[in-house]
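Me: I am new to this structure and would like a close look at a single part of it. Please take one helix and its surroundings, and then place that part in the rest of the chain.

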Amino acid sequence: MKILFVDDSFAFDGYTPRNDAMGGVQKGLVYLAEALARRGHDVRVRNRCRHSLAFRGVRWQNLDEEAQDGAELAVALRHPRLLEAAPAGAMRVLWVADCLDGPAQGTLPDGVDCFVFMGEHQRSTWQTGTERAATIPPGIAPAYLEAEPPAGFWPPRAVTTTHPRAGLRWLLDLWLEKIRPMIDGAELHIFSGLLARAAAGKTVDNDLRPLWRDVEAAAGSGVIVRRPLPDADMAREFRHARVHLHPGSVREAYAATLAESQAAGCPGVSFRQGASTERIRDSRSGFLVPDDAAFANCAVLCLKEDIVYRGRSRDAFQLQRDRSWDDAAAGFEALVDGSA
């Protein structure tokens, strides 16, 4: 089958997630395209890549170059307007990347044969059009599935990938007031491109300056800012952390980094909301909590109590690694053969 993916977000290709940090949606496109190519399909990606190239069976082509004809399945990431250039006769699929504020808030656009959601929570935030939809959970990047299980009881290190504009202020305050005072020497490693650039002396957006000043001041309380890393390096970081602190939100469509840390054997703590409820197995691979006090208490347990960390880490590694990109590829194949 000939398959075309279209995306207009930023420049990337198949080499990118092996060398740089990437957002979950675009990274997913890379691994899905490669999985479909391994399964014998003719796969092409048109995006903002700088040069045309072939990598791991996938042909990459810049959007400004002349389109090649023919595809039985055309998949656009995020924007339905990208399907306007789909080859005649192709099944037009929109891979929905957005999640709205609450149940049944939005209406899906016309002109698309099928919509693909990443999870049932995300699907629940759209009101109409879902009769033409399928739910296909993403896979987990290979580096996290290839990782060895955590080999010991690490020092009290927490990690977070929470965006500075989406809960990091709350988490920093909770760390300083209710978590760090309970554990001498505990560290919170914040993986954030925005804050890492600030730490390197780059200009900070006006709305983030107060947060950045407080993050800088919290260095004495174990707060460390780091740049996001390629998958193989992030898998190692998750393996050496005792807990992934992830507040989450109802607007989060999938919580990709939470899926990855779980697969690497890192327990998670999140609120009982949004996509986090589909990523963490409560009281097994981590904790889904109702309020601030419970969040802090569960974080402290993972950081301080070896028996709590050991059980949650074991279950995360054993129970949360059952979704590869080959599984997701099979779901996209089923869209065309009618079995989805």
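Reply: What follows starts with one helix, moves to its partner, and then turns to single residues elsewhere and to the chain as a whole.

The model is predicted. The part chosen is helix H7, which runs over residues 209–217. Which residues of H7 are buried? They are Leu-211, Trp-212 and Val-215. Viewed down the axis of H7, these buried residues fall within an arc of 100°, so they line one face of the helix. Arg-213 and Ala-217 are on the other side of H7, and both are exposed.

What do the buried residues of H7 pack against? Their partners are helix H5 (168–179), helix H6 (193–199) and strand S13 (223–226). Two of these partners are thus helices and one is a strand.

Of these partners, H5 can be described in the same way. Its buried residues are Leu-168, Leu-171, Leu-172, Leu-174, Trp-175 and Ile-179. Around the axis of H5 they cover an arc of only 165°, which puts them on the same side of the helix.

From here the view moves to other parts of the chain, beginning with a loop. Pro-149 is located in the loop between helix H4 (142–146) and strand S11 (157–160). With a relative accessible area of 37%, Pro-149 is partly exposed. Setting aside residues up to four places away in sequence, Pro-149 touches Arg-239 and Phe-317. Pro-149 can also be compared in position with Cys-266: the two are 117 residues apart along the chain, and their C-alpha atoms are separated by 9.4 Å.

Ser-313 belongs to helix H12, which spans residues 306–319. Is Ser-313 buried or exposed? Its relative accessibility is 6%, and a residue is called buried when the value is under 20%, so Ser-313 counts as buried. Residues up to four places away in sequence left out, Ser-313 touches Pro-150, Gly-265 and Pro-267.

Gly-286 is part of strand S16, residues 286–289. Its relative accessibility is 0%, and Gly-286 counts as buried. Neighbours within four places in sequence aside, Gly-286 is in contact with Gly-268, Ile-280, Arg-281 and Arg-312. The C-alpha atoms of Gly-286 and Val-243 are separated by 8.3 Å, and these residues are 43 positions apart along the chain.

Another buried strand residue is Val-58, which lies in strand S4 and has a relative accessibility of 0%. Val-58 touches Ala-33, Glu-34, Ala-37, Val-43, Val-45 and Leu-53, again without residues up to four places away in sequence. Val-93 is 35 residues from Val-58 in sequence, and the C-alpha atoms of the two are 19 Å apart.

Two arginines are picked out by their backbone angles. Arg-56 has a positive phi of about 50° although it is not a glycine. Arg-56 is in the loop between strand S3 (53–55) and strand S4 (58–62), and at a relative accessible area of 53% it is exposed. Arg-78 likewise has a positive phi, near 75°, and is a residue other than glycine. Arg-78 is placed in the loop between strand S5 (73–77) and strand S6 (91–95); with 29% relative accessibility, Arg-78 counts as partly exposed.

The last step is the chain as a whole. How many helices and strands does it have? The secondary structure comes to 13 helices and 16 strands. The radius of gyration is 21 Å, close to the 20 Å that the globule rule gives for 340 residues, so the chain is as compact as a globular protein of that length. Along the principal axes, the C-alpha atoms fill a box of roughly 65 × 40 × 40 Å.

Of the 340 residues, 53% are buried. Among contacts with a separation of 6 or more, 61% are between residues 24 or more positions apart. The chain exposes about 14700 Å², of which carbon and sulfur atoms supply 47%. It carries 41 positive and 45 negative charges, and the mean positions of the two groups are 4 Å apart.

To return to the part asked about, H7 has its buried residues on one face, and these pack against H5, H6 and S13.

Key:
Residues are numbered from 1 along each chain as its sequence is written. This is a predicted model: local features need pLDDT of at least 70, side-chain atom pairs count only at pLDDT 80 or more; totals for chains, interfaces and linings use all residues. Side-chain values use heavy atoms; hydrogens and water are left out. Helices (H or I, at least four residues) and strands (E, at least two) are DSSP runs, numbered from the N terminus. The radius of gyration is taken over C-alpha atoms; the globule rule is 2.2 Å times the number of residues to the power 0.38. Buried means under 20% relative accessible area, exposed over 50%, partly exposed in between (1.4 Å probe, protein chains only). Contact means heavy atoms within 4.5 Å. Accessible areas come from the Shrake-Rupley method with a 1.4 Å probe; for residues, only the protein chains shown count as cover. Lys and Arg count as positive and Asp and Glu as negative; His and the chain ends are not counted. The place of a charge is taken as NZ of Lys, CZ of Arg, CG of Asp or CD of Glu. The arc is that of the directions from the helix axis to the C-beta atoms.
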